[in-house]
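Subject: Handing over the structure

Hi,

Here is the structure I promised to pass on. Have a look at it first, then read on for what turned up.

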Amino acid sequence: MLQSPTPKKRRRGRLFRFSSAFVVLLAVAGYLVVQYVTGGRGGPGCKVVSGKDDGQAYEFSQEQTMNAATIAAVGTGRGMPERAVTIALATALQESQLVNIQHGDLDSLGLFQQRPSQGWGTKKEILDPTYAAGVFYEHLSKVDDYQQLPLTVAAQRVQRSGYPEAYAKHEPEATLLSAALTGQAAATLTCQGLPDTTRADTGPDAVRAALVRDFGRTVLKETGAEVTGDGSASKDKSESKAKAESTPTPSTSASGGSSTVTLPVRSGSTRTGWQLAHWAVANSSVLHIERVSYAGREWAAGSADDPWHSTAAKASGGVRIVTERQGGQK
């Protein structure tokens, strides 16, 4: 005949079940936090370091860095100063952790948690990072003397947040991101750059389209240059015309299983060159970018801890982006 468990054993059993359930809940909570911060995609990471060689550094997911690069590019395309980009990045870090989330308080959405009901745009528009950044800058530009205001004050006059003091804590990391993504600090952004296998829009055409999407046609023009099989870029009248207009025009060449997109950079425009180079690194995962070189330095996909290294090749006057061909064919 089986004996009934004693009260002491029953208590131990309940305690064990409670402890197990608590551990599971902690694991679930941790998983949800990671999903929220990374947008459901962990994977390859990125690192931004200080250009002052003071040891300051921050790490982000590839998705966060790509969204940050879009915010910076949109600001540059609108002629906004670096301070405006820093304010925008700190705001997005607080509102969404630089993840394009489809939920929030009430009807808040996207990188900046903008609300359709408050006139920020439609749901579809707000969930477009380029649009969301543009409308943020539009509102920021109307804030008097925003460059002289404390970051918290400037961000709050745009956002009208219930926790305005929260923006300040993100100023250090936003400052480093802004310096890298506006080209102020050279060779300060690295990413692992492992290819996102869920994306099919890769190759030179995808790179050009993404450049125009983020920077706008006033900064970069789409070109009719063809990808040739001998590794040389075709020349056309649009390229010469663009150079005359001092507008960088992408050209392409192909060799083996990869293609190279070259973005001419005018003499004396080193800052523009580093912004384009860092933008390419930030987008390396989704666009399957393998290498980026500029001003005698090169980044290669593989590890976010590897710094930009000097190359033996003579520095050219442009940013060279080596990407897989369409569909990632090798």
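A word on burial before anything else: a residue is called buried under 20% relative accessible area, exposed over 50%, and partly exposed in between, using a 1.4 Å probe and the protein chains only. By that yardstick Phe-112, at 0% relative accessibility, counts as buried; more on Phe-112 further down.

Some housekeeping. This is a predicted model, so local features need pLDDT of at least 70 and side-chain atom pairs count only at pLDDT 80 or more, while totals for chains, interfaces and linings use all residues. Residues are numbered from 1 along each chain as its sequence is written, and side-chain values use heavy atoms, with hydrogens and water left out.

**The overall picture**

The protein has 330 residues, and 47% of them count as buried. Its secondary structure comes to 11 helices and nine strands; these are DSSP runs numbered from the N terminus, with helices being H or I of at least four residues and strands E of at least two. The exposed surface is about 16,600 Å², with carbon and sulfur atoms supplying 53% of it (areas come from the Shrake-Rupley method with a 1.4 Å probe, and for residues only the protein chains shown count as cover). I also looked at contacts, meaning heavy atoms within 4.5 Å. Among those between residues at least 6 apart in sequence, 64% join residues at least 24 apart.

**The core**

In soluble globular proteins, nonpolar side chains tend to be buried together. Here the largest nonpolar core has 72 residues. (Such a core is a set of buried Ala, Val, Leu, Ile, Met, Phe, Trp, Tyr and Cys residues joined through side-chain atoms within 4.5 Å.) Helix 3, residues 82–96, gives the most to this core, with eight residues. Ile-71, Phe-112, Tyr-137, Leu-140, Trp-279, Val-292 and Val-319 have the most contacts inside the core. Take Val-319: leaving out residues up to four places away in sequence, its contacts include Val-261, Leu-276, Val-292 and Tyr-294.

**Aromatic rings**

There are five aromatic pairs, where rings of Phe, Tyr and Trp (its six-membered ring) pair if their centres lie within 6.5 Å; planes under 30 degrees apart count as stacked, over 60 as edge-to-face and the rest as tilted. The rings of Phe-112 and Phe-136 are stacked, because their centres are 4.7 Å apart and their planes sit at 15°. Phe-112 is in the loop between helix 3 and helix 4 (123–126) and Phe-136 is in helix 5 (residues 129–140), so the pair ties together parts 24 residues apart in sequence. Phe-136 also counts as buried, at 0% relative accessibility. Ring pairs link Phe-112, Phe-136 and Tyr-137 into a cluster.

**The disulfide**

How many disulfides are there? The count comes to one, taking a disulfide as a pair of cysteine sulfur atoms within 2.5 Å. Cys-46 and Cys-191 form it, with their sulfur atoms 2.1 Å apart. Cys-46 lies in strand 1 (residues 45–49) and Cys-191 in strand 3 (residues 189–191), so the bond ties together parts that are 145 residues apart in sequence. The torsion about the S-S bond is about 110°, so this disulfide is right-handed. Buried or exposed? Cys-46 counts as buried at 3% relative accessibility, and Cys-191 as buried at 0%. Beyond four places in sequence, Cys-46 touches Cys-191 and others, including Tyr-58, Thr-65 and Ala-304. The C-alpha atoms of Cys-46 and Thr-65 are separated by 6.9 Å.

**A few helices**

Helix 8 (residues 204–215) reaches 16 Å from its first C-alpha to its last, close to the 16 Å expected for its 12 residues (the expected span is 1.5 Å times one less than the number of residues). Nine of its 12 residues are buried, among them Pro-204, Arg-208, Asp-214 and Phe-215. Gly-216 follows helix 8 and has a positive phi, near 90°.

Ala-68 lies in helix 2 (residues 62–77) and counts as buried at 0% relative accessibility. Not counting residues up to four places away in sequence, Ala-68 touches Leu-89, Leu-98, Leu-177 and Leu-181. The C-alpha atoms of Ala-68 and Ser-178 are 8.4 Å apart, though 110 residues separate the two along the chain.

Last, Ser-285 is in helix 11 (residues 284–287) and is buried, with a relative accessible area of 8%. With the same sequence neighbours left out, Ser-285 touches Gln-62, Gly-193, Leu-194, Pro-195 and Asp-196.

Cheers
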